[in-house]
Amino acid sequence: MSTSSVASILIVDDDQGNLKALQELLQSLGQKMVLANSGEEALRRVLRDDFAVILLDARMPGIDGFETAKLIRERQRSRHTPIIFVTGAYEDLGSMFRGYEVGAVDYIVKPLNPAVLKSKISIFIELYAKNAALIREVAERLLTEERLRESEEKLRALAARLQSVREEEQIRIAREIHDGLGQALTGLKMDLTWLAGKLPAERKPLTNKIESMFQLIDDTIHSVRKIASGLRPEVLDEAGLAAAIGWQAKDFQQRTGIRCKVDLPPDSDGLDPGRSTALFRIFQEVLTNVARHASATRVDVFMQRDADMLTLEVRDNGNGITSAEILNPKSLGLLGMRERVLPFNGRIEINGVRGKGTQVTVSIPLGPE
């Protein structure tokens, strides 16, 4: 349907005088008048244009008004266009019923009452205008939705890129800390060992000071390793996802006192770095939420790898997350977890039972991204 604010009215009559009379009568409505002097011409017009209403003479040579109306109704573009039959007073009741059967919405008998005809036409013009406005509104909404989708996809791609850059930067910093600072501290410890060996036995205060320095260096080396592991655990890159999850669960148990039971596949060789990183970071976020909110005493971790799917399941026996908490738009941790699996067409299911705990299940396809 055209979205123009000016409607078109199709007038069909084989009598040129009737055509002109109807045109002049309806001119004051301010709409576009389209004239056709046969059923064939009316069908051609309907194929090209949309009309607010069609005034159709019932009796015409060739294709008469009834057949014309039937063909108009059979075409998708014009199947809902209102048709008003205009005919002489001699028409019988059977002809009127036939008109309604082929799709007419009204039947007007000559001589016409100008006020009645204009009133009826005005109603259809108003309906046409409202329909056109509705179509414009729907088109605008669809366009807005499309733009929102495009914007969302761009933001998601940007977030994924920023996340990737962040992981790469963390890897670089972790390696520099581990290799650079770690090696420097190891070298310092070796030099201090050499220096301690040169001191006379009677220099007790200096020996005690060196022992204190040894302890400080050992503590610093431990802190460096802890910082490097927090940025990017070496085990994730060197031994794979299963080993990294096992290491993280053990570290979590030592730090929080919450018992962790893990059931992991023997290895996760062949898993690409993107999926490994996504699952490991999600696992870290789940453990963080358990420590902060769950008041749990036990966490069970299960990971399974099939031919085409990798599944990670984490259950705790804590408070149990509520539906409101799951759907809370301010839960950035949960949002971040969902965003991490989207590039891989993965999914996250979170279920909680009050007083019985929470279960988080992450599934990521192993096919191409």
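**Exercise 1. Asp57 and its surroundings**

Determine whether Asp57 is buried or exposed in this predicted model, and state in which strand Asp57 lies.

*Solution.*
Step 1. The relative accessible area of Asp57 is 6%.
Step 2. A residue counts as buried under 20% relative accessible area. Asp57 is therefore buried.
Step 3. Asp57 belongs to strand β3, which covers residues 53–57.
Step 4. A distance can be added to this description. Asp57 and Ile108 are 51 residues apart along the chain, and 9.8 Å separates their C-alpha atoms.

**Exercise 2. Strand β4 and its neighbours**

Establish how many residues of strand β4 are buried, and describe how β4 pairs with β3 and with β5.

*Solution.*
Step 1. Strand β4 consists of residues 83–87, and five of its five residues are buried.
Step 2. Consider the two faces of the strand separately. Ile83, Phe85 and Thr87 are on one side, Ile84 and Val86 are on the other, and both faces are covered.
Step 3. Turn to β3. Strands β3 and β4 run parallel and are joined by four bridges. Within this pairing, Phe85 of β4 has Leu56 opposite it.
Step 4. Trace the chain between these two strands. From β3 the chain passes through helix α3 (residues 65–74) to β4, forming a β-α-β crossover that is right-handed.
Step 5. Turn to β5, residues 106–109. Four bridges connect β4 with β5, again in the parallel sense. Here Ile84 has Asp106 as its bridge partner.

**Exercise 3. The pairing of β6, β7 and β8**

State in which sense, parallel or antiparallel, β7 pairs with β6 and with β8.

*Solution.*
Step 1. Strand β6 comprises residues 259–263; five bridges join β6 to β7, and the two strands run parallel.
Step 2. One bridge of this pair links Val262 with its partner in β7, Val301.
Step 3. The pairing of β7 with β8 is antiparallel and comprises seven bridges. In this pair, Arg305 faces Leu310 of β8.
Step 4. The connection between β7 and β8 is a hairpin through three residues.

**Exercise 4. The two pockets**

Give the volume of the largest pocket and of the second largest pocket, and identify which helix supplies the largest share of each lining.

*Solution.*
Step 1. The volume of the largest pocket is about 670 Å³. Its lining has 27 residues, and those closest to the centre are Gln163, Arg166, Glu285, Gly336 and Arg340.
Step 2. Helices α5, α8, α9 and α11 each contribute at least two residues to the lining of the largest pocket. The largest share is that of α9, with eight residues.
Step 3. Sorted by class, this lining holds 11 nonpolar, seven polar and nine charged residues.
Step 4. The second largest pocket contains about 420 Å³ of space. Its lining has 21 residues; Asn289, His293, Ile321, Glu325 and Leu334 are nearest its centre.
Step 5. At least two lining residues of the second largest pocket come from each of α9, β8, α11 and β10. Helix α9 provides the largest share here, namely six residues.
Step 6. By class, the lining of the second largest pocket has 10 nonpolar, seven polar and four charged residues.

**Exercise 5. The buried residues of α11**

Explain why the buried residues of α11 line one face of the helix.

*Solution.*
Step 1. The residues in question are Leu334, Met337, Arg340 and Val341, which are buried in α11.
Step 2. When α11 is viewed down its axis, these buried residues fall within an arc of 120°, and therefore they line one face of the helix.
Step 3. A general rule assists here: an α-helix has 3.6 residues a turn, so residues three or four places apart point the same way.

**Exercise 6. Positive phi values in two loops**

Give phi for Ser295 and for Asn345, and decide whether each residue is buried or exposed.

*Solution.*
Step 1. Ser295 has a phi near 55°, which is positive although the residue is not glycine. Ser295 is situated in the loop between α9 and β7.
Step 2. A residue counts as exposed over 50% relative accessible area. With 60%, Ser295 is therefore exposed.
Step 3. Asn345 has a phi near 60°, likewise a positive value in a residue other than glycine. Asn345 occurs in the loop between α11 and β9.
Step 4. The relative accessibility of Asn345 is 60%, so Asn345 is exposed.

Definitions and conventions:
Residues are numbered from 1 along each chain as its sequence is written. This is a predicted model: local features need pLDDT of at least 70, side-chain atom pairs count only at pLDDT 80 or more; totals for chains, interfaces and linings use all residues. Side-chain values use heavy atoms; hydrogens and water are left out. Buried means under 20% relative accessible area, exposed over 50%, partly exposed in between (1.4 Å probe, protein chains only). Two strands pair if DSSP finds at least two bridges between them. A crossover is right-handed if, with the strands pointing away from the viewer, the path from the first strand over the helix to the second runs clockwise. On a 1 Å grid over the protein atoms alone, a cavity is a set of points where a 1.4 Å probe fits but cannot get out, and a pocket is an open set with protein on both sides within 12 Å along at least five of seven lines; lining residues have an atom within 4 Å of a point. Grid points are joined across faces, edges and corners, and a volume is the space filled by probe spheres set on the points. Ala, Val, Leu, Ile, Met, Phe, Trp, Tyr, Cys and Pro count as nonpolar, Asp, Glu, Lys and Arg as charged, and the others, Gly among them, as polar. The arc is that of the directions from the helix axis to the C-beta atoms.
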